[in-house]
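Biologist: I'm new to this one. Can you pull it up and walk me through some charged pairs?

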Amino acid sequence: MNWNRRVTALLGAAALLMAVRFPVAAQVPQTERPGIPGDTPKPVPAGDTSAIAKEAEGWLSDLIKINTSNPPGNEQIAAMYVVGILAKDGIKAEILDMAPGRSAVVARLRSAAMADPSRALLLVAHLDTVPVEKARWSVDPFAAVIKDGYLYGRGAIDDKGMLAANLAVFIELKRSMAHLNRDVIFLATDDEETSGDASIRMLIAKHWDRFAAGFAINEGGNVFLKNGKVQYTGVQASEKVAFNVAVIARGTSGHASQPLKDNPVVHLAAAVAKIGNYSAPVHFTSIVRRYFEGLAPLEDDEIGKWIRSMDTPDRGEHAQRVISDASPLWNSMLRDTIAPTVLNAGVANNVIPAEARANLNVRLLPGDTIDVVLSDLNKLVNDPLVKLELQPNAGLAAPPSSLESDFYAVISKVVTQEFGGAPALPFQSTWLTDSAQLRLHNVQAYGLVPFPLNQEDLKRMHGDDERIPLASFDKGVDVLAKIVSEFAVAH
Ligand SMILES: [Zn+2]
């Protein structure tokens, strides 16, 4: 079937699906909502976003109901839903097919007849989500249940929340007929969670001309709520790099009634135990150094003192240990991490296997090299029966985004104003985002999920009972609208 006919057929199917599943734009009932403390009520400013935020809550609910668990993703239906929402406001979006059933969406609001990609601003979010362990959820993860002011569902934060917020801001720009001083481009990517063959890497390779931009805002950073107040906004300007390494133990297979010393299960277990207890040395990247400098005065005196001591010759090592023990996030920002994630051995209960394998998920600080880590781990394991093998699809280190750009300054100014003076800190995420690929194409990409979230809610991303407080969602839409307006609208 040719491309056009296929799209027409699919759009027809999507319209039908929407008519069946979403008879009216989902109406989100007004329930009790936890407020965002520290967010003191202000007179309604010009460009009030409360109406569009309500609409976007409905889009978010609809998007949660379209299951895009990756694998397999099946983002095409969500892509068509997004195209339909944009079309209602007269915005013509393009579906970019990446693989059967997998698509991205791009749309553009022009500032001038001729595009200037170096000035353009890209709003990025991904359509896919990680899978769920349904039995561990207290609600149906794809029903968009609203309870106590929270919207529950896989993707509520990561990344359908951001996707709905981007849609809201983009559509509001169009509705208000804003006079843009740069093109604003909406991009919904697919296959972000597994970074596979349908991901942004391929999207850039095939369609870069459709969304080439100098600046981007994407997921990756967070507005951190602590004790009910925004403590700081982490604006992601860099991220760690992921690798997988196989640990392979080989020995003699045979009858379990007469075990030998080279049992690979035993050698693998010993190697994994050593690796699991290993802590790589601390390296400060420039962004992490700036982050901790900004963080020290925001923490209590005790933690603040240890943060300031981390880089001193006498107490540095001890301070690094205290800070690493205080937070898994901080630990991982300071060093390469190596996490055993998969074990594989054995064919039967009474047979010693010839081989036992484990997978290590390694996250390197940008600038560090995997060969050094492998050599350190080989020395640590020190077992001729155990080999380490780097697996394909290694991550690529990207240069950090500039902390001196106009866009970083705008983000920093707006979030500080909007979150009661809580500062913006440059952030190096331990997790991966599409931004690394953008940075490799000279895009100044910044990560900011603009919704104020506490640890309790943040840890549900990729976990069970993912949810977003609707008050945080609305606030995030408003903050994102202010950032984009300040940067891209002629005043
Ligand atoms: Zn994500």
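Modeller: Here is a short chat about salt bridges, one acid and one helix. The model is predicted, so local features need pLDDT of at least 70 and side-chain atom pairs count only at pLDDT 80 or more, while totals for chains, interfaces and linings use all residues. Residues are numbered from 1 along each chain as its sequence is written, and side-chain values use heavy atoms, with hydrogens and water left out.

Biologist: How many salt bridges are there?
Modeller: The count is 27. The rule is a side-chain nitrogen of Lys or Arg within 4 Å of a carboxyl oxygen of Asp or Glu.

Biologist: What does Lys-54 pair with?
Modeller: Asp-474, with the closest N and O atoms 2.7 Å apart. Lys-54 lies in helix H2 and Asp-474 in helix H15, so the pair ties together parts that are 420 residues apart in sequence. Helices are DSSP runs of H or I, at least four residues, numbered from the N terminus.

Biologist: Is Asp-474 buried or exposed?
Modeller: Buried, at 15% relative accessibility. Buried means under 20% relative accessible area, exposed over 50%, partly exposed in between (1.4 Å probe, protein chains only). Lys-54 is partly exposed, at 30%.

Biologist: New topic. Where is Asp-465?
Modeller: In the loop between helix H14 and strand S17; strands are DSSP runs of E, at least two residues. Asp-465 is buried but has no salt bridge. The nearest side chain of opposite charge, Arg-460, is 4.4 Å away.

Biologist: And how many residues of H4 are buried?
Modeller: 13 of its 16. Met-177 follows H4, with a positive phi near 50°.

Key: Lys and Arg count as positive and Asp and Glu as negative; His and the chain ends are not counted.
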